[in-house]
Every structure is written in structure tokens, then in C-alpha cells.
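Got the viewer open? Let's take a walk through this model, one selection at a time.

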Amino acid sequence: MITVLLVDDQVLVRKGFGMIVNAQGDMCVAGEAGDGEQAVRLCAELRPDVVLMDVHMPGLDGIAATEQITAALPGVRVLALSMYDVDEYVVDMLRAGASGFLPKDISPEDLVESVRVVHGGESAVAPRLLTRLIGTFVRAGRPRGFGGHGAAGAVGALSEREREVLLLIGRGLSNSEIARALLLAPSTVKNHVTNVFAKIGARDRAQAVITAYESGLITPGE
């Protein structure tokens, strides 16, 4: 059973998402929080598998709350939700440690599937959307967060094959697409991806893409 913490300053939004989550046979609502500070406290108490985190909240916002939660509880996955899906907050949330980003008007089917994807250790942001968003804000010279000046050094520690894999991750390819592009077995690609994440210190594909851009391995518009 996937336990989910709902974090939003609007009660009706929490109740709506709660009805969707509780209607699934493999997940349930563990609790609700109306702001970031409460979310941090409840995560420490309840240890949910996934947090549906609103970005814009009074007081401690979703970005700061996500940073605190993921730093203290690496096993808790945060899935960000916002009315604004093409906006600087997307990258800020990913840099803070979120494993995905969804618009609030997402369909119920896509919402629950995204919860499952994030719980499984992947990013819930569509790969090509992710690369477009990150490319936009890296090109605009956003302040460095995850990756930062150490990104180039981390990428420099990769083998030639691992650099190829990271390059293709940064271009938005899935594991199966990488396997076809490099003529490798899917299991081999999975092993390479695991090694890449470990060497660059990435939790998931979202942060791996950020590192690919911030290290200069990929340039925006490439």
C-alpha cells in the first residue's frame, strides 16, 4: 500500500485529491497538511511514501518544505503540484529534491499513475517536457542549486559509456530508447543509469537532467 501525504493550503483541493487516492486499491491517504511547516512535521511523524506537495503556500512554501523533507527523509518522494506548469518553480522544486512536477488540472488517472511512478523511483515529469523546462531556465542563468559548480567534476568521474547514457537521459530518452540507441540490453542500460546516479549524486532522472545541463554536457537548444 502506497501511503500519501496531501499538502495544500486549500481544503477543497486536499479533499479532491484524497478522494482520488483513496479510490485506488494500492494507495491511501496517510494525512493532510495545510502548509509547509505542518508538512515537515507530519512527514517526520508519519513517514509517508509519497507527498503531493503544493508549491505556492503562505509561510513555508512547497519549495522550502520539499528541501527540508528530502534532506531529512531521503526515502520520502515528493510530487509537486501547481497551477503553473511552465514556470521557474518547476526547476526550483526539482532542485529542492522533488521527484516530479504536475499541473493541478491533471486527470485523476494521470495523477495516480504519477504517484506510482514516483514511488517506484522514477521522475513523474514527462522526459521531453523536463528537458525543455530545464533548458529554458539553465539558459536564462538561474542561480545554481543541485549540481551547481560541482556538476562538471561529477560528470568528469563518469566512464565514456556512462557519459553517453547521461547525455541521452538529458535529451529526454527513456531507458528503452537508450537501449535501442546504444544497441545495449535494457538490463545493461539500467545498470549504467544506476551507476550514473550514484556518481553524480542524483536521486532520479530529474536531477540527472539538471546535472547534464549544468555541467555543460548538453547545451540548451541542442
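Select Glu162 and show whatever touches it: leaving out residues up to four places away in sequence, you should find His192, Asn195, Val196 and Lys199. Keep in mind as you click around that this is a predicted model. Glu162 sits in helix H8, which covers residues 160-170. Is Glu162 buried or exposed? With a relative accessibility of 6%, below the 20% cut-off, Glu162 counts as buried. Now pick out Lys199 from that set of neighbours: the side chains of Glu162 and Lys199 make a polar contact at 2.8 Å.

Stay on H8 and add helix H11, residues 205-214. The two axes lie 8 Å apart, and the helices pack at an angle of about 105 degrees. An angle from 65 to 115 degrees counts as roughly perpendicular, so that is how H8 runs relative to H11. To see where they meet, show Leu166, Ile169 and Gly170 on the H8 side, then Arg205, Ala208, Val209, Ala212 and Tyr213 on the H11 side.

Next, jump to helix H2, residues 36-46. Which residues of H2 are buried? Colour Gly36, Ala39, Leu42 and Cys43 and you have them. Look down the axis of H2: these buried residues fall within an arc of 120 degrees, so they line one face of the helix. Turn to the face pointing away from the buried side, and you'll meet the exposed residues Arg41 and Glu45.

What covers the buried residues of H2? Switch on strand E1 (2-7), strand E2 (27-33), strand E3 (50-54) and helix H3 (62-72), which are all included in that cover.

Have a look at both ends of H2 while you're here. At the start, a side-chain oxygen of Asp35 comes within 3.2 Å of the backbone nitrogen of Glu37. Just after the helix, click on Arg47, which takes a positive phi of about 50 degrees.

Now keep just H2 and H3 on screen. Their axes are 9 Å apart, with a packing angle of about 15 degrees. That angle is under 35 degrees, so H2 is roughly parallel to H3. The crossing of this pair is right-handed. For the residues at the meeting point, select Gly36, Ala39, Val40 and Cys43 in H2 together with Ala65, Gln68 and Ile69 in H3.

One more residue to visit: Val118, in helix H5 (residues 108-119). Its relative accessible area is 0%, so Val118 is buried. Setting aside neighbours within four places in sequence, Val118 is in contact with Val50, Arg77, Leu79, Ser99 and Ala124. Pick Leu79 from that group and draw a distance between C-alpha atoms: Val118 and Leu79 are 39 residues apart along the chain, and the separation comes to 7.2 Å.

Finally, zoom out and show the whole chain. Count along and you'll get eleven helices and five strands. How much of the chain is buried? Colour by burial, and the buried residues make up 50% of the 222 residues. Last stop, the contact map: of the contacts with a separation of 6 or more, 69% are between residues 24 or more positions apart.

Terms used:
Residues are numbered from 1 along each chain as its sequence is written. This is a predicted model: local features need pLDDT of at least 70, side-chain atom pairs count only at pLDDT 80 or more; totals for chains, interfaces and linings use all residues. Side-chain values use heavy atoms; hydrogens and water are left out. Buried means under 20% relative accessible area, exposed over 50%, partly exposed in between (1.4 Å probe, protein chains only). Helices (H or I, at least four residues) and strands (E, at least two) are DSSP runs, numbered from the N terminus. The arc is that of the directions from the helix axis to the C-beta atoms. Contact means heavy atoms within 4.5 Å. A polar contact is a pair of N or O atoms within 3.5 Å; within protein, one must be able to donate a hydrogen and the other to accept it, and residues adjacent in sequence count only if both atoms are side-chain atoms. Axes are lines fitted to C-alpha atoms, for helices over the stretch in contact, and angles run from 0 to 180 degrees between N-to-C directions. Angles under 35 degrees count as roughly parallel, over 145 as roughly antiparallel, 65 to 115 as roughly perpendicular and the rest as oblique. A crossing is left-handed if the near helix is turned anticlockwise from the far one by less than a right angle, and right-handed if clockwise.
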